[in-house]
Amino acid sequence: MSAPDGPALPFEPFKAKVVERIPNPSREDRERALERAGFNLFNLRSAEIRIDLLTDSGTGAMSDRQWSALMVGDEAYAGSRNFEEFEATVRELTGFPFVLPTHQGRGAENVLVSVLVRPGSIVPNNMHFDTTEAHVRNRGGEPKNLASADAYDPESDLPFKGNVDLDRLGALLRTAGEGRVPLAFVTLTNNAGAGQPVSFANFRATAELCRSHGVPLYVDMCRWAENAYFVKTREPGMRERSIAEIGRAFFDLADGATMSAKKDGLVNIGGFVATRDARVADRLKEALILYEGFPTYGGLARRDLGAMAVGLAEATDLEYLEHRIGQVRFLAGLLDRAGVPFFKPVGGHAVYLDVRRFLPHLDAAELPGQALVVELYREGGVRAVEIGSIMFGGQDGIPARPLEMVRLAIPRRVYSASHLAYVADVVARVHARRAEIGGLRMTHRPERLPHFTARFAPVERAAVAAPRAA
Ligand SMILES: *Cc1c(COP(=O)(O)O)cnc(C)c1O
């Protein structure tokens, strides 16, 4: 099925039972909101937003089966029935015997990293997401991003651009020194790298390398089901396997996982950490009680565990994933027709605009990603997020890594194809007037995770030219 002359329309394998009115702020409302928010879209109110693509994290719609699971919560502090359902589901999907719920993904990261990482530790990953990176640094460790070079090329049309660079990982493990690498992560899909998937072949080789050096391998499995969809549809020999089977094949090679169930758990809050190692599990439990809660609830209402158990299973439904990835492709197809530059091929949860090609006249010090995010909101009330020199940057706006992106993340089961067509139209209008878009400067820089609370102001072009010349 397709729109006239357009990309394929993704068929929604669900229908609405409850609806929510979408706000329609005027241009004046939007200008006022930008000023008040210090040009940081994290400071906007929902009522000021027409289409919210800030994140796909915890923003999805739950199914009727998840809502009914919420209604039969067993709110026992310890030993809740919902915990048993949740534990059984995670064990079946991952094979990890020890499963500890957490309030969200970063809770899982904090617990795991606090137990394994020491000052001087080195922690490899294809690419750390912002919270993972912050937790490793918070314990004195050094995060290392070892994605293959393709991950940094916005135009290479390769199927698995989230893959680990095995040569660099091998070199790191050989030279790091005894005990310096307490664990390695692989992030499925690679959110900090345009949501690109990791192939099973690359994951298997990564696991073999880690095993041969005695380094435990943990999966950042936030989007494991989306990753499995790409493996099923792109990797030779995988087509006949189910999503759950492909996921399990990955986990069978790993030692544990951290999960934000706000992604492929299809819930609004929740997460977990899981491991195969009984001794690590004991230490995780101690940390869990300190930071999250008793091991049978981990910072959540027990009813949340019930909804999470149902959501994790629903995320492995092929028809659901066809719609999910189909929506990303639909939006990308419309943007492509309008000549808008973005990272190709698109991944599983978002379209990542290529800021360098979108705003080539702005340099990194002018915070072009944030400038673009502000213009998308100004133009049509669309909220996106910068993933670039602010989210991952070093000091003074100088980028610490070579990607500069604006992410249009699609919430799960929330927006329709016509909403996405509206977004494509807004982006195309901003693209058409891109030459007149100016930069921003940061007026308030918090030390950690600056993107959440920083404030900005527009800059005159002349004001940035001076320090650059110096
Ligand atoms: C969202 C996310 C996290 C952190 O999870 P939260 O639930 O937001 O704390 C970690 N890693 C990746 C890849 C993510 O996308």
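Visitor: What makes the pair formed by a polar backbone atom of G105 and the ligand a polar contact?

Guide: The backbone atom of G105 is 2.9 Å from an oxygen atom of the ligand. A polar contact is a pair of N or O atoms within 3.5 Å (within protein, one must be able to donate a hydrogen and the other to accept it, and residues adjacent in sequence count only if both atoms are side-chain atoms), so this pair counts. The model is predicted: local features need pLDDT of at least 70 and side-chain atom pairs pLDDT 80 or more, while totals for chains, interfaces and linings use all residues. Residues are numbered from 1 along each chain as its sequence is written, and side-chain values use heavy atoms, without hydrogens and water.

Visitor: Which distances place side-chain atoms of R106 and S260 with the ligand?

Guide: A polar side-chain atom of R106 is 2.7 Å from a ligand oxygen. For S260, an N or O atom of the side chain is 2.6 Å from an oxygen atom of the ligand. The protein covers 97% of the 380 Å² of accessible area (Shrake-Rupley method, 1.4 Å probe) that the ligand has on its own.

Visitor: How many residues surround the ligand, and which helix gives the most to the shell?

Guide: There are 14, and the closest are R106, D220, R223, S260 and K263. A residue is near the ligand if one of its heavy atoms lies within 4 Å of it. Helix 4 (residues 105–116) gives the most, with three residues; helices are DSSP runs of H or I with at least four residues, strands are E runs of at least two, and both are numbered from the N terminus.

Visitor: Why is the crossing of helix 12 and helix 15 called right-handed?

Guide: A crossing is right-handed if the near helix is turned clockwise from the far one by less than a right angle, and left-handed if anticlockwise, so helix 12 passes helix 15 in the clockwise sense. Helix 12 (residues 318–337) and helix 15 (residues 417–432) pack at about 35 degrees, with axes 9 Å apart. Axes are lines fitted to C-alpha atoms over the stretch in contact, and angles run from 0 to 180 degrees between N-to-C directions.

Visitor: Which residues of helix 12 meet helix 15?

Guide: Q327, F330, L331, L334 and L335 do, and their partners in helix 15 include L420 and V427. Contact means heavy atoms within 4.5 Å.

Visitor: What joins the side chains of D52 and R383?

Guide: A polar contact of 2.8 Å joins them. D52 is in strand 1 (residues 51–52). D52 and A384 are 332 residues apart in sequence, with their C-alpha atoms 7.0 Å apart in space.

Visitor: What is the omega of the cis peptide bond that joins L188 and T189, and where is T189 found?

Guide: Omega is about -25 degrees. T189 is in the loop between strand 5 (184–187) and helix 7 (200–212).
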